[in-house]
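The following exercises ask the reader to work from geometry to description, one step at a time. Each task is followed by its worked solution.

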Amino acid sequence: FSLSTYNKMWTDAQKDLDIQLQREREEFLRPEKDRVKVFEMLAASYVKYMQIFRDLETAHDQLIHRQKRTVIRQMLDGVIGRILEIKKEMVGLENSEFHYIDNILEDLKLLPEDIEVPIPRYFIKEKLEVLQQREKILDQILLKAGLQTQKQDKAMTFEEAVKTIQAAERARQGRRRAAFMKQIYLEERRERPTELDVQMGPNPDDAATCIQKVWRGYIQRKKTEKMREEEIIFLGMSLPPHLKATSVSQTHAGRVDALQGEVQERQEELLIKDKLRETEGPYIKETLQDQIGQCFIECRHIIGRFPDYPAEGAGGSMAILSQKTPEEVAAELAAKKEMAAQNKAEKKKKEKGKEKMKEKKPQKTRKKVRLPRVKEEDEGWKMAPSNFLSIMEEGSSQYKAVWQNRDEGWDFLQDHDPELIKEEQREELEEEIRVQVDELMQQKLENLRLAVDGVKSGKRKKERKGEKVRAAMMSLVHRTIDSLYQELVEEELLIKAETVNLSDYVGKYSYLGTTLRQADVEPVPSLADVRQLIALYGILPLGSQTVHEKAPPVKALLLAGPAGVGKKMLVHAICTETGANLFNLSASNIAVKYPGQNGLRMMLHMVLKVAKQLQPSVVWIGDTEKIFSKAVPKAEEGMSPKRLEKVLPKFLKALKAQDRVLVVGTTSRPFDANIKPFCKVYQKIIVIPRPDYASRFGKYSQRSSLWKHIILQNRGAITNLLNISCLAKVSDGFTQGHIVQAVRAVLSDLRLLQMTRKPLRTAEFVTSLAEQDPVYQEEEETLK
């Protein structure tokens with residue numbers, strides 16, 4: 001039973017999480033002066049949380065039970081956030097974004113693949129319908145604007161169709177004529193036999209021997225190939241044929257089952273909610289009305305007047321129905337008035353003090369700033385407070401209270417628990433009824449004031465005036481999100497992201513990082529490290545709203561590296577893994593669009609509004625060093641590349657914690673920019689190096705070999721005549737882009753047709769690669 005496996009995986013992950021939380025309470029709260037010990041402690045926690053994250057994500061994806069998935073989702077958000085917090089501490093401790101923990105992995109007997117950041121599948125699954133609908137709308141807008149061709153086969157013109165038919169007919173006639181001429185030739189030869197044929201005649205034994213030789217050779221080759229395949233399967237180097245590909249019918253059946261379970265779950269929820277509305281709805285409504293009416297009478301008895309009804313933004317009747325007595329409410333009101341009077345008095349004193357300080361300006365000494373630093377150094381390192389420990393502890397307690405010792409023998413389908421759904425739906429139903437009761441009781445309060453005190457509610461008039469002003473303001477902003485979205489697409493400021501996953505960014509882990517650092521040599525980061533940072537800083541915060549709001553903020557991310565290392569690919573991968581919109585604000589793309597300062601502000605306002613409304617969103621700025629360049633070349637003066645220099649910081653400032661919008665800049669020449677404003681905008685800078693030998697070769701798998709991966713991607717076939725090791729050595733200094741260009745130049749349509757009888761050879765790719773310029777050492781040093 002597969003569900004028992006995933007239930008056990010969840011249980012084991014929960015036990016590991018409880019142990020890790022207990023360890024944090026014991027170790028992280030004590031100050032520690034030894035930096036090496038602190039880093040090892042943080043790295044061990046990072047690895048452990050990553051393992052828990054992987055198990056919880058798998059259990060969440062495979063389990064069907066909705067209430068279980070809700071609890072696991074809460075735990076997942078907490079674990080992801082805690083990983084980001086630990087990563088922040090590690091960066092602050094080493095002053096580097098890249099960390100090398102191969103010695104810790106060796107002690108724990110783990111592989112580098114075990115700390116690869118998994119991308120939660122619910123990022124896309126939970127909003128798949130919305131993303132598909134948005135993609136359809138985007139395709140329609142692009143087709144209407146002429147920015148995209150039809151996905152189906154192109155419609156042929158009349159002239160092209162005639163030429164195609166003529167070519168096919170001429171070829172058919174040529175084949176028929178050749179067959180006719182061959183038949184005539186054979187008939188003439190039969191009628192006029194040669195003298196040699198008359199003397200010798202055909203030998204039946206020789207003909208039989210020739211046929212037997214050809215047939216036996218063919219049979220033996222087939223047997224040899226079959227024996228070789230069986231040997232490879234026996235050694236575990238390949239999968240059996242029936243396991244290589246999942247049946248299409250089985251895959252379709254699995255999808256249908258998953259969709260059917262979701263539909264049944266939704267219908268069950270609606271039925272339970274309707275039953276609750278019928279049975280408990282009238283009682284809840286009557287109880288709320290009685291409680292609110294009693295509060296009105298008690299408040300008038302104590303204060304002498306009826307209270308003002310709280311607005312919906314302040315919670316409505318929830319603010320009235322507190323557990324406090326009317327006497328406590330009156331005391332709170334009096335205390336608030338006293339506090340307001342004290343605040344006014346303090347403000348007046350501060351203003352007088354500022355005026356005196358302006359007259360006398362004493363010089364500030366720096367000794368006051370240094371004193372707390374000395375204390376911090378004496379106390380040692382201490383872990384900063386966390387926003388996610390409470391989330392994980394709450395999820396852990398909920399698991400122990402509800403799921404740990406729960407008997408589920410009766411629940412064979414494992415789809416939902418009606419009693420738990422009732423508890424959740426009851427809260428939603430109470431909120432719906434409370435809103436209805438608020439409208440009724442607000443009108444009742446006005447009638448009571450008019451009947452008892454003879455006074456109309458003045459607050460409602462003020463609210464009406466405010467509503468009129470707000471309505472007038474809203475009439476100015478007459479543009480809808482759909483119209484803004486369409487305009488941005490037509491102006492090519494909102495573009496379609498390419499479908500590419502983060503796992504397609506092929507690269508191996510560096511195994512010598514710790515050894516080199518111990519020898520005081522800063523190692524070159526590997527492509528696996530880059531992939532990990534993209535997942536941590538780009539994908540995980542954008543995919544989860546809870547993580548984005550409470551995790552260490554990263555509003556802007558810079559990808560710097562030589563041309564061809566895959567910076568744009570990583571931008572598209574972030575959008576693919578999170579379902580984010582992609583905005584292109586590169587200097588070359590906005591050169592002649594929305595001219596002037598007012599036009600620029602309007603453009604950024606539109607981008608910000610659509611990005612927030614349709615979040616998550618990624619704002620990509622290609623060649624971002626041109627915005628902060630020291631001197632604009634004459635050839636680029638017409639583009640006005642520095643238009644965003646002063647506005648970009650304001651754009652980032654407008655992004656709040658709840659806005660899942662990430663600004664990603666890419667540059668191959670960061671040294672051309674003014675460093676101070678450049679680094680002030682981009683909080684995180686990721687240096688992407690050219691691929692090392694391990695990433696280019698990838699001996700043990702095709703997913704870790706750049707050459708193999710790119711050749712197979714372009715429909716090439718790898719044989720023994722193709723020396724991948726030689727190609728990996730020769731391509732030292734070249735980037736992924738160079739390798740892609742070399743492979744595409746070799747694998748033309750004609751070469752692919754010849755590949756069956758003329759396999760690919762190493763020299764073909766070496767010749768193509770030699771026509772390109774590598775990344776020279778001087779450029780690498782300048783980037784570092």
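**Exercise 1: A proline and its peptide bond**

Task: Locate Pro616 relative to the secondary structure, and state which residue a cis peptide bond joins to Pro616.

Solution. Pro616 is found in the loop between α24 (596-613) and β4 (617-622), where helices (H or I, at least four residues) and strands (E, at least two) are DSSP runs numbered from the N terminus. The cis bond joins Gln615 and Pro616, with omega about 5 degrees. The model is predicted: local features need pLDDT of at least 70, side-chain atom pairs count only at pLDDT 80 or more, and totals for chains, interfaces and linings use all residues. Residues are numbered from 1 along each chain as its sequence is written, and side-chain values use heavy atoms, with hydrogens and water left out.

**Exercise 2: The helix before the loop**

Task: Describe the span of α24, its buried residues and what covers them.

Solution. Step one concerns length. α24 has 18 residues and reaches 26 Å from its first C-alpha to its last. This is close to the 26 Å expected at 1.5 Å a residue, the expected span being 1.5 Å times one less than the number of residues.

Step two concerns burial. Buried means under 20% relative accessible area, exposed over 50%, and partly exposed in between (1.4 Å probe, protein chains only). The buried residues of α24 include Gly599, Leu600, Met603 and Leu604. Met606, Val607, Leu608, Val610 and Ala611 are buried in α24 as well.

Step three concerns the cover. Contact means heavy atoms within 4.5 Å. The cover of the buried residues of α24 includes the helices α19 (481-490) and α25. It also includes the strands β1 (494-495), β3 (581-584), β4 and β5 (661-667).

**Exercise 3: The sheet**

Task: Give the order of the strands in the sheet, name the edge strands and describe how β4 is joined to β5.

Solution. Two strands pair if DSSP finds at least two bridges between them. Six strands form an open sheet of mixed pairing, in the order β1-β3-β4-β5-β2-β6. The edges are β1 and β6 (684-687), each of which pairs on one side only. Within the sheet, β4 and β5 run parallel and are joined by six bridges. Val619 stands opposite Val663 in β5.

**Exercise 4: The loop after β4**

Task: Is Thr624 buried or exposed, and which residues beyond its sequence neighbours are in contact with Thr624?

Solution. Thr624 lies in the loop between β4 and α25. Its relative accessibility is 0%, so Thr624 counts as buried. Leaving aside neighbours within four places in sequence, Thr624 is in contact with Leu558, Gly665, Thr666, Thr667, Phe678 and Tyr682. Ring pairs link Phe628, Phe678 and Tyr682 into a cluster.

Asp623 belongs to the loop between β4 and α25. Although not a glycine, Asp623 has a positive phi of about 50 degrees. Asp623 is partly exposed, because its relative accessible area is 35%.

Another positive phi occurs at Asn95, near 55 degrees, again in a residue other than glycine. Asn95 lies in the loop between α3 (66-94) and α4 (102-107). Asn95 counts as exposed because its relative accessibility is 70%.

**Exercise 5: Aromatic pairs**

Task: How many aromatic pairs does the structure hold, and why is the pair of Tyr122 and Phe123 edge-to-face?

Solution. Rings of Phe, Tyr and Trp (its six-membered ring) pair if their centres lie within 6.5 Å; planes under 30 degrees apart count as stacked, over 60 as edge-to-face and the rest as tilted. The structure holds seven aromatic pairs. The rings of Tyr122 and Phe123 have centres 5.1 Å apart and planes at 85 degrees, so this pair is edge-to-face. Tyr122 is buried, with a relative accessible area of 3%, and Phe123 counts as buried at 2% relative accessibility.

The rings of Tyr509 and Tyr511 have centres 5.7 Å apart and planes at 80 degrees, so this pair is edge-to-face. Tyr509 counts as buried at 11% relative accessibility, whereas Tyr511 is partly exposed, with a relative accessible area of 47%.

**Exercise 6: The whole protein**

Task: How many helices and strands does the protein have, and what percentage of its residues count as buried?

Solution. The secondary structure comes to 33 helices and six strands. Of the 784 residues, 38% count as buried. Among contacts between residues at least 6 apart in sequence, 82% join residues at least 24 apart.
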